[in-house]
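Let's work through a few short exercises on how two parts of one chain meet. Grab a pencil and have a look at the model first.

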Amino acid sequence: MKRILALVLMVALIASLGVTAAFAADDGFVDGKFTETRHITVEVFNRNNDGGTDPTNNVWTDFIKQQMLDKYNVEVEFVSVGRWTEADDIGNLLADKKAADVSYTYNYNTVISYANMIDENGNPGVIDLAPYLEEYKDYIPDLLKLLGGEDNLYYDKDPATGAVWMIEGVRADTARITTFIRKDWLDKLELPLPTTEEEFHNALVAFRDNAELLLGADADKMIPYTTSTDIGWRNDLLSVSYVADDISDETLFVYGYDDRHLLYPGYKEGIRTLNKWYNEGLVWKDFGLYNDSTVEDDNMKAGYVGAFMHNWDYPFRNGDDCINLNLQRNVGEDAMFVAIDCFQNDAGVTRKFMGAAVGSDRKIFLPSTNDEPVASLLYINFISSEDTIKYLQTGLENTNYILHDDGAYEILPATGEWVKNSGNNIDYTMTCNGLYLGEATGATTALSYPGIPAEVVITANEFGKNNGRYPLHYNVGTIESETEVGSSLTSKRDELLTKAVTASVEEFDSVFDSYMDDYLNAGGQDIIDERIQKLADVYGIIYNK
């Protein structure tokens, strides 16, 4: 009777807070396990890797399925979603009411958009997790530990309604982007590793002007610096080096809608520099012609590229097929990309604007079509446990790794059924992105890229987060103007930056400004204005533009 009364009171409380999702405790859940077998579907990215396995059916999914059945009496079925089209795919699945019971996306606004879509019965398109997190908090200790406590569990809790539409995943390693350069080319030209933008630019000029010496008969294929149509990500360290070091957290919030930092004051000047490099013949002239990385990666592997910026471990990824090992096979043992940290701001600091450990990765949510929310929450807890993550990241001893005396896991090149379709199996460890092996993490990172010298890996990782700044988290609830524009601003941003970089030097300002006006008029300015208003409404901060 007391339990029934407590639930009645809880439902009344939820209603008073404006939480719209219906909630009732699951009577078939006894002592941490279901009395009858339940069934849930779980999303997993499909990266269409050459030599990979079926992401929905392999040794890793077999492990997860058996563990969930033994631990909770829950059957798990995996459903794949295209990694590179995930924002559109998730939106389509939600619209068709076919999304997996446990879904995830990098796109916050996708979740919020469907949370705001109320059906004919008054229910949102996404389940409000708040009452489940409260009722079953004792059954999700692993999730709480991974997130670092309840504050991060409720990271996105709406300050007005109390609704929680998603659980934020964790970035166990916050290293982001690093600059890489051909050390063998520098050595051949008797140049030092660049420590400033000027030295980096001089190295690119030297590569261009000594193409015949460096490439011989392939001199016409020289690419001093390569990039892609994702200008914002691939040139971030250069662009944000023009942002003042004393920029306030309020300014970072107001102009921080775009995760490529497009609107940060000073950013345009970084793009201006890249535009100058392009017009000097230092940047790959054909970067705008390709929508995937195949051609660019092939250029790197063949030895035609002198430098680039990318994810901190990009030249080491994909085992024996990684860029550095291919480069050595094609050019020689001395050929190698190494990390540098050279783009200093006005304070002489090589600043990186980082995504926080929580809030900058995948968002896990339950669509309204999910009729097993408790089983789904238990799955999220299971996939967040240290033991689960450790197994999925390391695998089988002497098959996937060798355990060293100091506790480090030396990851072996995976073959056959033991191949991981994503680095560290992050597509399965949906709440954790990055190695999560306790004290063994650092030493394991150095040994996680077979064939790559440990010191090269360690330096790249350190430079990826050196002088990192983590903007303050302002939890102001939903920014409605952000959900209204969806992904349209992302495509406008990419077009803006590509057009600006490839414009003539004389036309740079007019091109950048006209495309920026279009971006702002298409919803960007509305987002800025609403963020300013939310700071005032929730925190009492009056922000002056």
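**Exercise 1. Find out how confident the prediction is.**

Start with pLDDT, the predictor's confidence in each residue, from 0 to 100. The chain's mean pLDDT is 93, and 96% of its residues reach 70 or more. Next, check the start of the chain: over residues 1-21, pLDDT stays under 50.

A quick note on the rules: this is a predicted model, so local features need pLDDT of at least 70 and side-chain atom pairs count only at pLDDT 80 or more, while totals for chains, interfaces and linings use all residues. Residues are numbered from 1 along each chain as its sequence is written, and side-chain values use heavy atoms, with hydrogens and water left out.

**Exercise 2. Locate the domains and say how far apart their centres lie.**

Bounds come from an automatic or database domain assignment. Domain 1 covers 30-172 + 360-441, and domain 2 covers 177-353 + 471-539. Now take their C-alpha centres: these are 31 Å apart.

**Exercise 3. Describe the interface: how much area is buried, and which residues of domain 1 lose the most?**

Buried area is the accessible area (1.4 Å probe) that two parts lose on being put together, summed over both. Domain 1 and domain 2 bury about 890 Å² between them, with 43% of it on carbon and sulfur atoms. On the side of domain 1, the biggest losers of area are Asn 109, Tyr 155 and Pro 159, together giving 47% of what that side buries.

Technical notes: Contact means heavy atoms within 4.5 Å.
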